[in-house]
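Open the model in your viewer and keep the selection tool ready. The stops below can be taken in order.

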Amino acid sequence: MRFAQVIVDVSAYPVDRPFDYLIPEDWEELIDLGCRVKVPFGPRNVLGFVVGITSESEVPVEKVKPITEILDIESILTEEMLNLAKWLKHQTICYEIDALQVMLPGALRVKYEKYAVLNGEVSHLPTTLQPYYEKTAKVNLSQFEKANLLKPIKRAVKDGLIIIDNEVKQKGQVKQVRKVQIHSQEQLENVLQQMGKRAPKQVALVEWLMQHAGEILLPDDICEAVHITNSVLNSVIDKGAAAYIQEEVYRDPFTKNVEKTEFLQLTDEQDHALTKIIAAIDDQRQETFLLHGITGSGKTEVYLQAIQRTIADGKESIVLVPEISLTPQMTERFKSRFGDEVAVMHSGLSVGEKYDEWRKVQQGKVKVVVGARSAIFAPFKNLGLIILDEEHESTYKQEDSPRYHARDVAIWRGKYYNCPVILGSATPALESFARAKKGVYTLLTLAHRAKNQALPTVHIVDMREQLQAGNRSMFSEPLMEALQDRLNKKEQTVLFLNRRGYSSFVICRDCGTTVQCPNCDISLTYHRYQEKLKCHYCGHDEYIPETCPECQSENIRYFGTGTQKVEEEIYKLFPEARVLRMDVDTTKQKGAHEKMLDAFGRGEADILLGTQMIAKGLDFPNITLVGVLSADTSLHLPDYRAAEKTFQLMTQVSGRAGRHEKLGEVFVQTYTPDHYAIQLSKDQDYPPFYEREMHARHIAGYPPYYYIALVQVSHEDVMLAAEYAGRVAEYLRENLSFNVSVIGPTTASIARLQNRYRYQCLIKYKVEPQLIPVLLQLIKMYRSEWIKKGIVLTVDLDPTMI
DNA sequence: AGCACGCCGACT
DNA sequence: GTCGGCGTGCTC
């Protein structure tokens, strides 16, 4: 007797543990650790993951049920992944099932469908139900739900006329293509002899096929080559000249052919960094490197050569890039160096495409994965190197459960495989740099640009002076002059709109009312191309009111600096300029991003205007001017990382200019020109910024001096939300040691989201071994008592946003 | 979570 | 008498 320990697909506290199931004897060979199985759970069937196999079970025999079905013949999660899931569960306080699911592509998740299956004669059913069962004995329950017939169904179930069947359905499908397998020469000759002269097309086809005996071809290709239609091919196949076969294929999202590139000569700095990394690769030692290199210093070339070495050792590499910089330019560099050995995973792919990329990794068809956060779970079995580019990016932290940080997972996997992890950035996260200084990470510095170009000259423009001089436009005099100059010289400009938290909204000029979302405490954002107002948090949308909802004034206008508005202004100021606007609206379509960048690269526009998405990875020789329209907007966000984020953004954006022969110039427009984050980004001067910001963090008691954890409570009723948030704070204060500070409860930065009021408590601590146990106890209280009142409580250890 | 079971008030 | 409301408890 063999038993499988199964984690079932139910995200709930009381079932967050393995359940034992009997493995039917026939399947003992088939069921392995990490397989997905279908199991009966209570009255229904659910998906489960096999996390253990034993020969004994402590559960009384009569309770143990057998596994219903095997969903994967080969195991889909390695033992490493099962261990990683357990670690994630404890590290981020999540359900084990969520940790397991997050490691798999969406196509391997399942959906549950209920069917009402006829049990007996149709005529026994109530007349209302009979029409549904005229053609079939199995009807999807949702049909009855739509027709409001659930009650009669329920009764029919009770009377035994209908049985409810819970089905577990796989979402993803392996894509198959029908191909033609051409038979051998002799067989073809046989066929030819049987054919009369009255079928000249068939004869011609068989003669053509004889030249391709034994090959496997696409039916369309054959038809095209012989100038025939499918019907001719079909009759020849019927006569035994060939056969249709199904072949598994990968959906290939890459249509573009890339040329193979060669190694670049390394600078001394790059070479030194690479040597250290290679030493760790060769020694099979887990070491975390912080590769701090200014923009244009050639970090990517270091990555590429380190990967080359890893491949030479027969091992695999993972490269993580933030989603927004997963531009074609970046992925092309990897594709062009390593060709078919690279799989790419990002959100732009369809579920099926993602699944295929994942399978390439699973089946060992590729050696390198380039992808966004979730690619850290790429199912390699012999990892040799992990790289996080732009390691400071907040997109590496998943915002919902499991709230993992890709950096932590990377280091965990690095330890598992004894392989190095490279964290690369021009502007490292403060925590990372602090760890490098402490010696936890090995610091590698690239202080010079690879081709020895000068850094762009950065001008900081005081917008207050512009305002006093009577310039009310969003372009300052110096920026306008520089822009005109580039237009004359036929050089290109990148204009960056730091739009975070400052998008266009509708405001009443008379009473100052802004149009709010009915579900969230957030102003609605104006979307021009649909002429609608939208909430970015819950998706609510409505048409623009003609009069102010408060004072009925008709003087209601949209306000703020959206990209469209900037575009209009550019056309007013520089009618001859060709502008390419890149934002969520213009890049919505698949591949639009790529097309626009290509067009800009070919010089089809003079100005590239955009938001965050153009701040990274952009590398064109003709860009000599960068304009930052409003540097301050990210500086005033209610976030302790505001200064750090602004510094990072400014540095990234200015790095787009003058990366090749031509010298670059940057204009940063700001109302707070003296702020250190802006001043120090001028020379990409990270160390002084680090010192300065560390000082600020020390005083305010924020990371990296303190760790933080955030407990959030929400409820539809304000009073209840506040009451339970109060209980949370009280509980934490009572149970945590005195040198831990608990701040709150305070209202969350968005006080109401999707009609739920949100309160939060912030915990700051240095060392607190009791934290996790206390939080677990709190969660236990919540899950056993509070949850019934409709309270939702979430815990985020090391949150990126407060 | 999702579902059955069971207890209690309301209505044909 | 029966229907359906919701509180309780269990799932190998």
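The tour visits two DNA strands and then a pair of helices.

This is a predicted model, in which local features need pLDDT of at least 70 and side-chain atom pairs count only at pLDDT 80 or more, while totals for chains, interfaces and linings use all residues. Residues are numbered from 1 along each chain as its sequence is written, chains are lettered from A and ligands numbered from 1 in the order in which they are written, and side-chain values use heavy atoms, with hydrogens and water left out.

**Stop 1: DNA strand C**

Select DNA strand C and the residues near it (near means that a heavy atom of the residue lies within 4 Å). There are 14 residues around this strand, and the closest are Asp 20, Pro 40, Gly 42, Lys 63 and Lys 65. Of the strand's atoms that come within 4 Å of the protein, 50% belong to sugar and phosphate.

Next, show the polar contacts, here pairs of N or O atoms within 3.5 Å:

- Lys 65: a side-chain N or O atom is 2.3 Å from a phosphate oxygen of DNA strand C.
- Tyr 21: a side-chain N or O atom is 3.2 Å from a phosphate oxygen of DNA strand C.
- Gly 42: a backbone N or O atom is 3.1 Å from a sugar or linking oxygen of DNA strand C.

Two elements, β2 (19-23) and β3 (36-41), each give two or more residues to this surface. β2 gives the most, with three residues. Strands are DSSP runs of E with at least two residues, helices are runs of H or I with at least four, and both are numbered from the N terminus.

Colour the surface by class: eight residues are nonpolar, one is polar and five are charged. Here Ala, Val, Leu, Ile, Met, Phe, Trp, Tyr, Cys and Pro count as nonpolar, Asp, Glu, Lys and Arg as charged, and the others, Gly among them, as polar.

**Stop 2: DNA strand B**

Which residues are around DNA strand B? Select Val 10, Ser 11, Ala 12, Pro 14, Pro 43, Arg 44, Lys 114 and Ile 787. Sugar and phosphate make up 60% of the atoms of DNA strand B within 4 Å of the protein. Zoom in on Lys 114, where a side-chain N or O atom is 3.2 Å from a phosphate oxygen of the strand.

**Stop 3: helices α19 and α21**

Select residues 642-654 (α19) and 686-700 (α21), whose axes are 10 Å apart and at an angle of about 165°. The two helices are therefore roughly antiparallel (an angle over 145 degrees). Ala 643, Glu 644 and Phe 647 of α19 meet Tyr 686, Phe 689, Glu 693 and Arg 697 of α21 (heavy atoms within 4.5 Å). Four of these contact residues are nonpolar, none is polar and three are charged.

Definitions and conventions: Axes fitted to C-alpha atoms, helices over the stretch in contact; angles between N-to-C directions. Parallel < 35°, antiparallel > 145°, perpendicular 65-115°, else oblique. Polar contact = N/O pair within 3.5 Å; in protein donor to acceptor, adjacent residues only side chain to side chain.
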